[in-house]
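This report describes one protein chain, from its overall make-up to a single strand and then to its cysteines. The sequence and structure come first.

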Amino acid sequence: RQASPAPMEPRRTRTRACAAPPPALPLLPLELLEHVLLFLDDASAAALAACARHFRRALRAMDGAWRGRYARNWAGRRLHDLADEGRGLGPAHCLQLMGVQSWFDACARRRALDRQLRDNWRAGRHFTRRLRGHAMEVFSILRQGPLLISGSQDSSVRVWDVRSGARLAALPAHGSWVSALCEVGSAGDGFYSGGHDGWMHRWDGQRLCRAGSVDFGRACRESRAGVSEQEGHRFVLALRALAPHTLAVGAMDRPVRLVDARVGSVVGTLEGHTGYVSCLLPPEPGRHDLVSGSGDCTIRTWDLRAMRATDVRAFHRQPVTCVGRVRGRLVSSGEDGRLKCWPMGDDLGWELRSKSRREIWGFGSNGNVVVAGCEDGSLEVRDAARGGPPQPPSSPPGP
């Protein structure tokens with residue numbers, strides 16, 4: 001009779017025998033662990049949260065610290081005014097708008113979106129998000145730090161969080177189209193809006209409420225300077241702040257007017273254009289030259305001390321739609337579909353025409369690329385230095 005084999009001992013795997021002991025940090029009290037984790041940056045904290053449940057629970061408990069990181073890295077000054085519960089902008093409401101439960105989750109989402117934005121730019125995919133809310137066409141856009149402000153044909157002004165895409169406020173601003181927006185000073189000080197109803201409103205940048213109003217049509221009639229009999233002369237088309245209480249205003253009639261917003265009166269008139277004033281460019285710090293573009297296809301530079309034109313440029317064959325500065329040089333666009341970077345010194349500049357041969361209604365730049373918006377709804381991205389196709393960036397140039 002054959003003997004039965006002896007029972008085999010359980011096999012000890014090398015993985016089990018050499019397993020590392022659990023880290024000592026989870027043995028610390030949760031309160032002390034929170035103070036230790038405060039010294040980690042965002043990437044290290046996210047990597048640590050993926051290692052152990054205890055770390056993840058401790059990181060989620062640091063709600064105040066993560067809220068501060070979100071405000072510092074992505075939201076700027078807007079989250080420092082979250083005590084305005086009267087408008088429903090408390091911390092819980094902001095988290096609800098972003099669709100997350102804690103500020104730790106909000107920071108994690110923002111890191112993922114930043115990574116997605118960087119990958120999209122490297123791959124040439126520049127469209128990332130559509131902001132829905134306006135019922136009609138959007139005529140004006142203003143960027144103030146983490147906020148995006150839009151004015152529409154539906155007579156409203158809406159405020160958006162640039163990073164998350166959340167709508168922070170919908171302001172019933174005017175009785176007609178909102179055609180112009182401009183900032184008061186630095187980001188957070190507020191902004192002005194101008195509309196076809198002939199009114200200009202100043203808005204508080206922190207509480208997002210109206211801080212003052214100017215009746216532009218009445219100011220023009222009382223000044224008796226450069227008032228045209230043309231119907232709709234009070235329509236505000238362009239608006240720029242020269243000082244916290246001084247505005248340069250372009251309207252359907254020909255002059256560029258300087259308005260004192262404190263008393264609501266016209267304090268100066270710049271005459272020379274033979275068409276409506278479509279866009280304005282304020283002077284650089286320390287200078288006194290205002291640039292205006294008009295429906296007469298010309299661009300004029302004004303000396304604000306002498307109150308007269310010092311330069312007239314004619315390049316576009318149709319009305320000028322936008323003027324701006326890119327790397328210190330003047331850039332203009334027109335309804336003829338052309339984008340012009342004007343010469344400065346030894347730099348000869350460049351000019352190009354949109355691929356779709358359609359009107360260019362506006363453009364923006366971060367110094368590296370110029371993004372032009374065309375009438376057919378397309379965006380064309382160009383290199384700011386040469387005007388040609390942009391080079392793939394090593395890091396995201398920003399929205």
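## Overall make-up

Eight helices and 23 strands make up the secondary structure of the chain. The model is predicted. The chain has 399 residues, and 45% of them count as buried.

Contacts between residues at least 6 apart in sequence include a share of 42% that join residues at least 24 apart. The accessible surface of the chain is about 21,400 Å². Carbon and sulfur atoms account for 51% of that surface.

## Strand β15 and its surroundings

Strand β15 covers residues 298-303. Six of its six residues are buried, so the strand is largely enclosed by the rest of the structure. The cut-off behind this statement is a relative accessible area under 20%.

In a regular strand, side chains alternate between the two faces of the sheet. Both faces of β15 are covered. On one side T298, R300 and W302 are buried, and on the other side I299, T301 and D303 are buried. The buried set therefore includes the charged-type positions R300 and D303 as well as W302 and I299.

## Pairing on either side of β15

β15 pairs with strand β14, residues 289-294, in the antiparallel sense over five bridges. In this pairing D289 stands opposite D303 of β15. The hairpin of β14 and β15 has three residues between the strands, and C297 there takes a positive phi near 75°.

Strand β16, residues 308-314, also pairs with β15 in the antiparallel sense, over six bridges. The bridge partner of T301 in β16 is D311. Four residues lie between the strands in the hairpin of β15 and β16, where M307 takes a positive phi near 60°.

## Cysteines

How many disulfides does the structure hold? The number is zero. C322 is in no disulfide, and the nearest cysteine sulfur, that of C279, is 6.0 Å away. The cut-off for a disulfide is a pair of cysteine sulfur atoms within 2.5 Å, so the C322 and C279 sulfurs do not meet it.

Is C322 buried or exposed? C322 is buried, with a relative accessible area of 17%. C220 is buried too, and its relative accessible area is 0%.

Conventions
Residues are numbered from 1 along each chain as its sequence is written. This is a predicted model: local features need pLDDT of at least 70, side-chain atom pairs count only at pLDDT 80 or more; totals for chains, interfaces and linings use all residues. Side-chain values use heavy atoms; hydrogens and water are left out. Helices (H or I, at least four residues) and strands (E, at least two) are DSSP runs, numbered from the N terminus. Buried means under 20% relative accessible area, exposed over 50%, partly exposed in between (1.4 Å probe, protein chains only). Contact means heavy atoms within 4.5 Å. Accessible areas come from the Shrake-Rupley method with a 1.4 Å probe; for residues, only the protein chains shown count as cover. Two strands pair if DSSP finds at least two bridges between them.
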